[in-house]
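Biologist: I would like to learn how to read a single helix in a model, beginning with the chain that holds it. Could you take me through it step by step?

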Amino acid sequence: MFLALNEMKHAKLRYGLILGLLFLIAYLMFFLTGLAFGLMQDNRAAIDKWEADTIILNKESNDLLSASNFSLETANEVKADKKAELSQMTSSAWSIKNPTDDDKEKVSLFGIDRASFLAPNIVEGRLFENDNEVVLAQSIAQDNRFKIGDDLHLAGTDKTFKIVGYTDEAMFSVAPVAYMSQEAFNTVKFGNDSDQNPINAVVVRGEVTGYPDELKKLPIADFIKKLPGYNAQNLTFGFMIGFLIIIASVVIGIFMYVLTIQKAPIFGVMKVQGISNAYIGSAVMSQTFLLSLLGTVLGLVGTWLSSLALPAAVPFQSNWLLYGGIGLALIIFALLGTLFSVRSVAKIDPLTAIS
């Protein structure tokens, strides 16, 4: 470590450029990770709030909540430890008169029983108490729109709802959730004169002991994987981050190899003086470790500062455990890439290097 530190102090510009490159790669990896995790949470956050084990859908729905549909009578035939009926649809919402397209927000409507475990936690205001009230995801309360006490208008119906509360982390398929009663949901979907009362799913905590043949039970983890675009998005970001780690290790391996070849005469003199290959190799590895560690830390700091400046519309969420795993992978792969330099150090012939 002594040799590594002294050489880095002597060639500040050279090692500074390598450090800068590692910082940029680490920053890009962590930023992409934050975006990937934020998008993932925007797809599934409302599902995680259920703390459920199983969801019951129509067998013909292809495991999609929006495509599932069956009657309450059929839902009553589901036997489980703890169950709750759920209706869901996507709509457009606004809170002002004569709205423009910019004033409208895409929302996911959840029709639920306020006494069931699907009822959201309230961070401001209160839970809805009748068919004319709704609770919104807190993320939609921005730009002085959708405030508690405002009227909420929904596409496809003349009925208005009063916003009475906010809940946190309530996103489904990258849309904020609006919670309302099953009766209010049916009014929005089917109109005031409709006597239809179908639902989309039955959500279960605990064991399912029986259900009709026309339905299908699905573990929540499998249901999340079947969300439109969820797996494709995660695989895309995963491959991008993985390739960045490999590219970083190759780049630092090349840099260290070039530096090692340039210092071959110096290493030759050191070998003549009796300094072992192991000592010289450990110095090269120590330089790589310090550079990759500093680059990772600087990348983390840059990502954290960027997250503070990002607008609320950007789906970015930090996951420090995930950051730690990626940072560790970057350091390990960088060290593996430097092994070629250590191998070249062992092959240096002192007499040839000096001459």
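Modeller: What follows is a conversation about one helix and the chain around it, in a model that is predicted.

Biologist: How many helices and strands are there in the protein chain?

Modeller: The protein chain has 10 helices and 10 strands. Its C-alpha atoms fill a box of roughly 95 × 45 × 25 Å along the principal axes, and its radius of gyration is 29 Å, whereas a compact globule of 355 residues would have one near 20 Å.

Biologist: What span does helix α9 reach from its first C-alpha to its last?

Modeller: A helix is expected to rise by 1.5 Å a residue, and α9, with 28 residues (320–347), reaches 41 Å, which is close to the expected 40 Å. Even so, α9 has a kink of about 30°, centred on threonine 338.

Biologist: Which residues of α9 are buried?

Modeller: An α-helix has 3.6 residues a turn, so residues three or four places apart point the same way. In α9 the buried residues include Tyr323, Ile326, Gly327, Leu330, Ile331 and Ala334, and Thr338, where the kink is centred, is also buried.

Biologist: What covers the buried residues of α9?

Modeller: Among the elements that cover them are α2 (12–48), α6 (230–262), α7 (264–272) and α8 (277–309). In the chain as a whole, buried residues make up 46% of the 355 residues.

Biologist: Which atoms come within 3.2 Å at the start of α9?

Modeller: There, a side-chain oxygen of asparagine 319 reaches to within 3.2 Å of the backbone nitrogen of leucine 321.

Methods:
Residues are numbered from 1 along each chain as its sequence is written. This is a predicted model: local features need pLDDT of at least 70, side-chain atom pairs count only at pLDDT 80 or more; totals for chains, interfaces and linings use all residues. Side-chain values use heavy atoms; hydrogens and water are left out. Helices (H or I, at least four residues) and strands (E, at least two) are DSSP runs, numbered from the N terminus. The expected span of a helix is 1.5 Å times one less than its number of residues. The bend at a residue is the angle between axes fitted to the seven residues ending there and the seven starting there. Buried means under 20% relative accessible area, exposed over 50%, partly exposed in between (1.4 Å probe, protein chains only). Contact means heavy atoms within 4.5 Å. A polar contact is a pair of N or O atoms within 3.5 Å; within protein, one must be able to donate a hydrogen and the other to accept it, and residues adjacent in sequence count only if both atoms are side-chain atoms. The radius of gyration is taken over C-alpha atoms; the globule rule is 2.2 Å times the number of residues to the power 0.38.
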